[in-house]
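Me: I'm new to this one, and I'd like to know how the labels people put on it are earned. Show it to me first, then I'll start asking.

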Amino acid sequence: MSTAENKGSRNSSEKKVEIPSAIIRPLSDISDSSDDEETHDLNGASAASTNKAVHPGKAKKTILESGGFADSIIPATYVAETNLPTDIGHFRIRAYRIEEFEAAMREPHPLGAGAGLGSEPCVIYCTDKPPFGSKGGELGGAKEVPVRIHDQCFTSEVFRSKRCDCKEQLKMSLDFIRENGGAIIYLQQEGRGIGLANKVAAYALQDIGLDTVDANTHLGFPEDARQYGVVPSLLKDMGIDSIRLMTNNPRKIERLRALGVNVVGTIPMVVPKANPYNRQYLQTKQDRMNHSNFGDMLSNSPDSTISSEYSHVEIVLNNNGKSVAEEFISEGEEMAAAAVAAALMDDPDQSGVVAAENGYCFGRQSVEDAIAAVKRGELIVVVDDESRENEGDFIMAADKCTPKAMAEFIRYSSGVICIGMEGKRMDELELPPMVVNNEDPKGTAFSVSVDATKEHGITTGISATDRARTSVMLAKMDSKASDFHRPGHIFPLRAKENGVLTRDGHTEAAVDFARLAGSSPAGLLCEIVSEENPTEMARLPELKRFCKKHGYVLTSIADLQQYRRDTGL
């Protein structure tokens, strides 16, 4: 019989406390009573264990997050404490269990198995700097104790993922309490409470451009489903009256204060620098989740990228001394990654590019993937707006063009190979407009066509080898007007200043992508012909299948425009 039941049998006039049927409840299950009126008094409850459960009393109010869950007081039972020697320092770890709620936790969670708050929170503190205060008495509890409330991140802390800053923040917190005292409360709620499998599903959407907030909501999950109702119990057990919270998250402060935790201040926990894989995540934390203290950390960090450096792959040489791993990675995994991304974007009902409210169509990641591909010397597919040409063009950096890449251009396209260039450079090369009165419906600014001269190895000018050589010559900043003769087989196009932010054309997109990839601002482009109907140009539904089949990165001019607005690049 529990302590609560013993109390009830001794005094039948005492009110027996009802234990909630689930630790985490959907908002739809919460009554419409106001936050100020609804409180959760668990003072009469007790754990089934022989150890005494810690009951913190009443919450000031129930936290109701839009699309999320209600946060209420949860008592915990102390289980044991032991030494925790680490490579950082010598710590102690205290284990707790939420035994009263084990039955509730066995019930299906609204977000699926693995979601929600785990049943075994723990506390870590430095052995020679215990944070405990007096539990009652004249002196009261410990004041202004540094406390980090850290939520489990299996992918980062176990598998060493670079997609977030969780393991770094945990390390920083351990370093801090080793030097200054305090405690870390470690809670088992993976992926901001949605669970490991759901987190992986959200990661998959982030791979194709959604940020961490939109990925959750797209899957039908709350932006943040974490619960902190057990924290007051743990603080009371340690005799801590007030805390300085180690966090950058103002929402966490609000949640804890509403649960009755006396948060008197904060201690920033900002990683020194973002990496290419978590920069977008940290940017979203700042822009959409109100995280503070970042300063200029993000502006001093590298741009985001999805492609890996593969620095962990062991290089194996074949009999010819060639790197087998390098060849496998570049020709296999990167094409597969592009194919997977294209497959995930496949929507058979999408007839053309239409930007969403955030300005993107395929997502920011599609632009970052495209920039990375251009940097590697690959062709990408760029689609314009459905209300414009509704066509897809091959685009690549002209200074990286090889005969093989040019042959690839010609094989799948109309064969009219153009090169977008900045107007100033075209003037230097004496490339005048093709006609005085341009009557092109889209205002495409053709110049006279050119070939490089025979001094540069050009023969007829029409072969893939000759056209590749001419393209590279046009991109070289030390080329002169005399290096080309007119007319020829490559068609220079004059791009507008400020690229796609001035004109939403493929000409400007080609120049922008070449520049963003670190190449000379000259980009090759050519329209893709339909394989399914060779008398027509390929439209978006077919282009998606085409990119999936051949492993090309697919993005749009609308995505590039929004990316440039977001980044200022």
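Me: What is phi like in Gly-518, the residue that follows helix 16?

Reply: Phi is positive there, near 85°. A helix here is a DSSP run of H or I with at least four residues, and a strand is a run of E with at least two, each kind numbered from the N terminus. Keep in mind that this is a predicted model: local features need pLDDT of at least 70, side-chain atom pairs count only at pLDDT 80 or more, and totals for chains, interfaces and linings use all residues. Residues are numbered from 1 along each chain as its sequence is written, and side-chain values use heavy atoms, with hydrogens and water left out.

Me: Why is helix 16 called largely enclosed by the rest of the structure?

Reply: Buried means under 20% relative accessible area, exposed means over 50%, and partly exposed is in between (1.4 Å probe, protein chains only). Of the 11 residues in helix 16 (residues 506–516), 10 are buried, so the helix earns that description. Among the buried ones are His-506, Glu-508, Phe-513 and Leu-516.

Me: What makes Glu-508 and Arg-503 a salt bridge?

Reply: The rule asks for a side-chain nitrogen of Lys or Arg within 4 Å of a carboxyl oxygen of Asp or Glu. The closest N and O atoms of Glu-508 and Arg-503 are 2.7 Å apart, so the pair passes. Both residues are buried. Salt bridges that share partners also join Glu-81, Arg-92, Arg-94 and Asp-237 into one network. By this rule the count comes to 28 salt bridges.

Me: Which residue forms a salt bridge with Glu-190?

Reply: That's Lys-199, with the closest N and O atoms 2.7 Å apart. Glu-190 and Lys-199 are both buried. Arg-178 pairs with Glu-179 at 2.9 Å, but Arg-178 is partly exposed, with a relative accessible area of 25%.

Me: Why is Glu-430 called exposed, and Asn-290 partly exposed?

Reply: Glu-430 has a relative accessible area of 54%, so it clears the cut-off for exposed. Asn-290 comes in at 45%, so it falls in the middle class. Most residues other than glycine have a negative phi, and most peptide bonds are trans. Still, phi is positive in Glu-430, about 55°, and in Asn-290, near 65°. Glu-430 sits in the loop between helix 14 and strand 15, while Asn-290 is in the loop between helix 10 and helix 11.

Me: Which peptide bond is cis?

Reply: One that is cis runs from Arg-486 to Pro-487, with omega near -5°. Pro-487 is found in strand 16.

Me: How do you know there is a cavity of 30 Å³ or more?

Reply: Rolling a probe the size of a water molecule over the atoms shows where empty space is left. On a 1 Å grid over the protein atoms alone, a cavity is a set of points where a 1.4 Å probe fits but cannot get out, and lining residues have an atom within 4 Å of a point. The count comes to one cavity of 30 Å³ or more, and about 440 Å³ of space lies in the largest cavity. Its lining has 30 residues, with Cys-166, Arg-192, Arg-226, Tyr-281 and Lys-285 nearest the centre. Elements that give two or more residues to that lining include strand 8, helix 4 and helix 10.

Notes: On a 1 Å grid over the protein atoms alone, a cavity is a set of points where a 1.4 Å probe fits but cannot get out, and a pocket is an open set with protein on both sides within 12 Å along at least five of seven lines; lining residues have an atom within 4 Å of a point. Grid points are joined across faces, edges and corners, and a volume is the space filled by probe spheres set on the points.
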